[in-house]
Amino acid sequence: MRYYIVIPAHNEQELIGLTLDSLISQTVLPAKVVVVNDNSTDKTEEIVLNYAKENPFISVVNKTSDAIHMPGSKVIQAFQKGFETLDSDYDIIVKIDGDLIFPSNYFETIIKHFQSDPKIGMAGGFCYIEKNGEWILENLTDKDHIRGALKAYRAATFQQIGGLKPAMGWDTVDELLCKYYDWKIVTDASLHVKHLKPTGANYNKTARYKQGEAFYTLGYGFLITAIASAKLAMMKKKPFLFFDYIRGFWKAKKAKTPLLVTPEQAKFIRNYRLKKMKEKLI
């Protein structure tokens with residue numbers, strides 16, 4: 001199975017080389033790697049071009065965009081810019097961040113998962129962060145969820161869910177739409193990926209309402225938003241974030257912000273979320 005990788009990268013000169021080293025060391029090499037240099041002011045582009053000289057499957061695309069790092073939209077717009085440069089001769093499309101180190105068997109193992117069952121639509125490993133000299137599982141991890149930092153999609157699945165949505169919540173709505181279209185999602189706990197920059201490290205203060213807005217655009221409704229907001233605020237050990245998330249939800253509702261899903265999909269998502277919440281209580 002051929003796999004293509006797109007890496008949105010903004011000022012990643014310190015880390016992008018480590019990510020590319022881990023990709024060129026894979027037991028099954030990617031057919032193409034596109035790094036989207038998104039408005040970087042450092043040597044990101046220069047570093048990637050040096051790798052491209054030795055590894056012809058690596059290329060770089062330059063994108064100019066707003067320097068403010070807003071979760072969701074900026075990264076997916078960059079992904080889209082890279083994706084548009086690719087042909088359709090792939091079996092698996094992968095979106096990764098430019099601050100990861102993959103074990104050498106990572107993509108060989110991901111391919112085996114896809115080959116094992118034609119109904120598997122998405123697959124991924126787990127992100128680990130360094131704490132006091134040890135690599136520990138990132139605390140935002142849910143064993144059923146593939147982190148936005150390392151998403152791999154079967155081509156047919158990617159097309160059916162309509163690609164990636166340029167909004168916060170893109171890495172949740174993709175999985176919910178997978179469920180809606182009856183695809184399976186596989187996470188492999190044996191695949192430990194080093195995440196060198198903790199999630200959300202660059203988000204600015206204006207982003208704090210965005211999570212509540214994302215819950216609204218996913219069609220969650222208020223009850224599920226309140227439960228999800230409480231859970232997330234506790235996981236982040238910042239209980240007052242709950243109020244920011246709720247405020248974001250009501251702001252989006254008042255502004256009649258368009259949903260990322262159809263009314264039918266939203267209804268499915270609410271029922272699915274409630275079912276999962278009930279299962280965790282029992």
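**Group meeting talk: helix 9, strand 9 and a buried glutamine**

Just after helix 9, K256 takes up a positive phi of about 50°. I start there, and from K256 I'd like to walk back into the helix itself. One caution before we do, everyone: this is a predicted model.

So, helix 9. Helix 9 covers residues 241-254, which makes 14 residues, and at 1.5 Å a residue they should span 20 Å. The C-alpha atoms at its two ends are 20 Å apart, so the expected and modelled spans agree.

Which residues of helix 9 are buried? The list is L241, D244, Y245, I246, G248, F249 and A252. The cover over those buried residues includes helix 7, at 210-217, and helix 8, at 221-235.

While we're in this part of the chain, let me mention a record. UniProt, in an unreviewed entry, lists residues 214-234 as "transmembrane region". In the model, that stretch is 86% helix and 0% strand, and its end C-alpha atoms lie 18 Å apart.

Back to helix 9 for one residue you may want to click on: D244, which sits in that helix. Is D244 buried or exposed? Its relative accessible area is 11%, and buried means under 20%, so D244 counts as buried. Setting aside neighbours within four places in sequence, D244 is in contact with R208 and Y209. As for M168, D244 is 76 residues from it in sequence, and their C-alpha atoms are 15 Å apart in space.

Now let's turn to the strands, with strand 9, residues 184-195, as our guide. Strand 5, residues 100-101, runs antiparallel to strand 9, and two bridges join them. One pairing to look for there is I101 with K194 of strand 9. Strand 6, residues 120-131, runs parallel to strand 9, with seven bridges between them. Over on that side, A123 stands opposite V186 in strand 9.

My last stop is Q26, in the loop between helix 1 (16-24) and strand 2 (32-38). Q26 has 5% relative accessibility, so it counts as buried. What does Q26 touch, if we don't count residues up to four places away in sequence? The answer is Y3, together with F102, P103, S104, N105, Y106 and F107.

Two of those contacts deserve a zoom. A polar atom of the Q26 side chain lies 3.3 Å from the backbone nitrogen of Y106. The Q26 side chain also reaches the backbone nitrogen of F107, at 3.1 Å.

That's my tour, thanks for listening, and I'm happy to take questions!

Notes. Residues are numbered from 1 along each chain as its sequence is written. This is a predicted model: local features need pLDDT of at least 70, side-chain atom pairs count only at pLDDT 80 or more; totals for chains, interfaces and linings use all residues. Side-chain values use heavy atoms; hydrogens and water are left out. Helices (H or I, at least four residues) and strands (E, at least two) are DSSP runs, numbered from the N terminus. Buried means under 20% relative accessible area, exposed over 50%, partly exposed in between (1.4 Å probe, protein chains only). A polar contact is a pair of N or O atoms within 3.5 Å; within protein, one must be able to donate a hydrogen and the other to accept it, and residues adjacent in sequence count only if both atoms are side-chain atoms. Contact means heavy atoms within 4.5 Å. UniProt positions are given in the numbering used here, feature names are shortened, and annotations may be inferred rather than shown by experiment. The expected span of a helix is 1.5 Å times one less than its number of residues. Two strands pair if DSSP finds at least two bridges between them.
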